[in-house]
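User: Please take a close look at a single part of this model and explain how it sits in its surroundings. I would like the cut-offs stated as you go.

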There are 2 protein chains.
Amino acid sequence: MRIAVDAMGGDKAPSVVAEGALLAAKEYGYRIVLVGQKEAIEKEFSKYKKNLRDISIHHASEVVEMGESPAVTIRKKKDSSINVMIELARAREVDAVVSAGNTGAVVCAATLGLGLLQGIERPGIGVIMPNLKGAGILIDAGANIDAKPQHLLQYGIMGEAYARYILNIESPKVGLLNIGEEETKGTDFVKESFRLLSESDLNFIGNIEGKDIFTGECDVIVCDGFIGNVALKVSESLAETVGKLLKRELNRGFLPRLSAIFGHRVFKSIRKEMDYAEYGGALLLGIDGVCIIAHGSSTAKAIKNAIRVAAEEVEQNVNERIITAILPKENEIGQA
Amino acid sequence: MRIAVDAMGGDKAPSVVAEGALLAAKEYGYRIVLVGQKEAIEKEFSKYKKNLRDISIHHASEVVEMGESPAVTIRKKKDSSINVMIELARAREVDAVVSAGNTGAVVCAATLGLGLLQGIERPGIGVIMPNLKGAGILIDAGANIDAKPQHLLQYGIMGEAYARYILNIESPKVGLLNIGEEETKGTDFVKESFRLLSESDLNFIGNIEGKDIFTGECDVIVCDGFIGNVALKVSESLAETVGKLLKRELNRGFLPRLSAIFGHRVFKSIRKEMDYAEYGGALLLGIDGVCIIAHGSSTAKAIKNAIRVAAEEVEQNVNERIITAILPKENEIGQA
């Protein structure tokens with residue numbers, strides 16, 4: 001298993017990325033190719049004495065910043081760590097890629113560089129969402145903000161394959177994120193998506209609402225990229241807000257303080273259960289390759305987990321499962 | 001102050017509604033008109049011995065159920081508590097209305113029955129969102145899922161008036177809910193809304209993301225009804241999920257149990273701070289009247305607070321403030 005990791009991506013690159021790569025090499029034995037500015041990466045590694053045999057460095061002179069326009073950087077920064085990492089995947093020198101960098105640039109580079117799977121019209125970002133029964137997948141969390149109903153059907157199929165083969169859910173339930181449960185709810189776009197999902201072979205349970213994301217009643221949550229992005233960011237920040245309020249309680253006298261200390265302990269345990277770092281990042285599904293997009297604020301552990309998730313996707317042949325699932329559907333639609 | 005309350009609206013109607021009305025009459029001295037099936041309401045009141053002098057009952061024979069289509073019920077259930085309540089407002093027999101019933105039916109009945117304020121093209125549901133600095137308002141939480149950029153500008157103006165005169169924020173900051181902070185982010189619809197908001201007299205701080213809702217950096221969060229509804233329901237349910245996880249911890253041995261008991265205490269305090277019941281329901285802004293839509297699962301306290309919020313909106317002349325703010329903008333646009 002060879003995995004290319006964007007050493008320059010993320011708020012604390014390259015140090016956190018180098019540390020995460022080391023952890024992954026040590027724990028799983030993968031061969032990691034760190035892509036980025038050689039000197040900066042070597043400087044990081046000078047801190048460590050051992051375990052470097054499974055890690056190599058592939059130089060890329062440029063860095064894509066977080067706020068940069070994807071379309072521009074793809075053209076102007078040809079030697080960016082993101083572009084070079086995707087090139088390695090295209091040349092089949094690595095089995096998968098991982099980046100905690102500019103999401104738009106990664107989506108753009110991967111889509112153009114690797115192409116889409118047969119039958120897929122748009123890539124989708126899948127995010128593992130912890131819930132009261134374990135975890136599900138939400139797709140799309142922002143790859144495509146101008147989705148058509150047909151794309152949402154394809155997201156359903158991709159998410160289902162991921163839930164089945166990676167999350168090991170036997171018959172994943174697929175739900176459409178809407179503003180009410182009734183079939184008549186929502187915009188024309190959502191209603192048409194509902195129709196396509198109903199007619200598919202998926203185990204489609206109908207519309208779900210924002211409040212159902214965490215109950216675990218549904219394993220695959222399908223939505224367009226704008227909605228998915230907002231839903232994801234609200235979820236992430238609310239958990240963070242509860243943490244901040246807890247800290248504030250610490251300064252309110254003895255009993256609140258005692259409660260907050262104990263509360264902190266239980267909250268940490270809950271937070272671990274809801275922790276995105278445990279799930280290692282988002283999956284760019286639909287491309288002809290395996291690409292994991294880790295959070296910009298990823299810790300070394302999150303990078304390590306992102307690398308593990310990438311390897312699992314390769315090992316479980318998720319892309320072949322998607323192609324198998326999508327092609328008969330495409331034919332049916334062709335006949336209709 | 002006379003307020004009509006839909007006695008048949010909400011999961012536990014009419015009992016919880018009657019109790020909430022009693023609390024409001026007692027605490028604030030408002031005159032409450034409970035609208036709904038007379039016999040059922042009287043049965044509730046037979047439990048109470050006193051304090052009934054400020055409460056009257058106005059009979060309405062029909063009930064709109066939660067799942068019913070608004071368009072159908074408006075026509076077919078003319079004598080529903082929602083329709084009759086709106087009729088009382090139209091006849092100026094009451095100053096405001098409150099319902100915890102079918103949101104769509106209330107929006108529809110209020111818009112058709114009371115009409116829109118001069119210069120407003122679509123009503124918007126405003127929701128008070130607790131945040132780390134206090135509270136802000138999100139508009140629209142689902143009145144209008146087919147919004148135009150012009151409607152979002154009007155939401156900004158309505159939300160600003162509410163934040164200024166009811167939340168007492170001196171120069172409310174208005175933000176547009178988007179998937180990134182840069183001006184170039186989002187769909188064409190969002191970009192055009194950005195342009196209109198930038199050119200307005202509002203204190204527009206630009207795009208905000210889902211993660212910014214709870215920081216309090218922004219006092220008025222503007223978005224279309226679909227996004228707003230998802231964001232609101234995700235927020236509500238995540239808080240609920242943390243509560244459930246806390247309960248689960250109670251069954252995990254002594255130390256976790258001790259932590260959970262203390263955690264529960266601090267969580268209750270946090271939850272109170274984040275509690276939607278404290279804020280008493282959503283505001284249907286843009287209609288020529290005052291209409292509060294309480295949560296279907298409202299407690300008596302939430303109903304009481306919804307009645308208080310309705311009274312505040314009347315007392316502060318929010319609608320006149322909105323008209324004053326909107327008309328110059330309309331003229332400018334007319335000249336452009």
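Analyst: A residue is called buried under 20% relative accessible area, exposed over 50% and partly exposed in between, with a 1.4 Å probe and protein chains only. By that scale Ser297(B) counts as partly exposed because its relative accessibility is 45%. This is a predicted model, in which local features need pLDDT of at least 70 and side-chain atom pairs count only at pLDDT 80 or more, while totals for chains, interfaces and linings use all residues, and side-chain values use heavy atoms, without hydrogens and water. Residues are numbered from 1 along each chain as its sequence is written, with chains lettered from A and ligands numbered from 1 in the order in which they are written.

Ser297(B) belongs to the loop between strand 11 and helix 11 (300-315) of chain B, where helices (H or I, at least four residues) and strands (E, at least two) are DSSP runs numbered from the N terminus. Its side chain makes a polar contact with that of His295(B) at 3.0 Å; such a contact is a pair of N or O atoms within 3.5 Å, where within protein one must be able to donate a hydrogen and the other to accept it, and residues adjacent in sequence count only if both atoms are side-chain atoms. From Asp219(B), Ser297(B) is 78 residues away in sequence and 26 Å away in space, C-alpha to C-alpha.

Strand 11, which precedes this loop, is one of 11 strands in an open, mixed sheet of chain B, ordered 3-2-1-4-11-10-5-6-9-7-8, two strands being paired if DSSP finds at least two bridges between them. Strand 3 (55-59) and strand 8 (203-208) of chain B are the edges, each pairing on one side only. Neighbouring strands are turned by 25° on average, direction ignored, with axes fitted to C-alpha atoms (for helices over the stretch in contact) and angles from 0 to 180 degrees between N-to-C directions.

Helix 1 (residues 15-28) of chain B lies across strand 1 (2-6), strand 2 (31-36) and strand 3, at about 170° to strand 2. Helix 5 (residues 103-114) of chain B also packs on the sheet, touching strands 4, 5, 10 and 11 and making about 170° with strand 11, contact meaning heavy atoms within 4.5 Å. Among the buried residues of helix 5 are Ala105(B), Val106(B) and Leu114(B), and the buried residues of this helix pack against helix 3 (70-76) and helix 4 (81-90) as well as strands 4, 5, 10 and 11.
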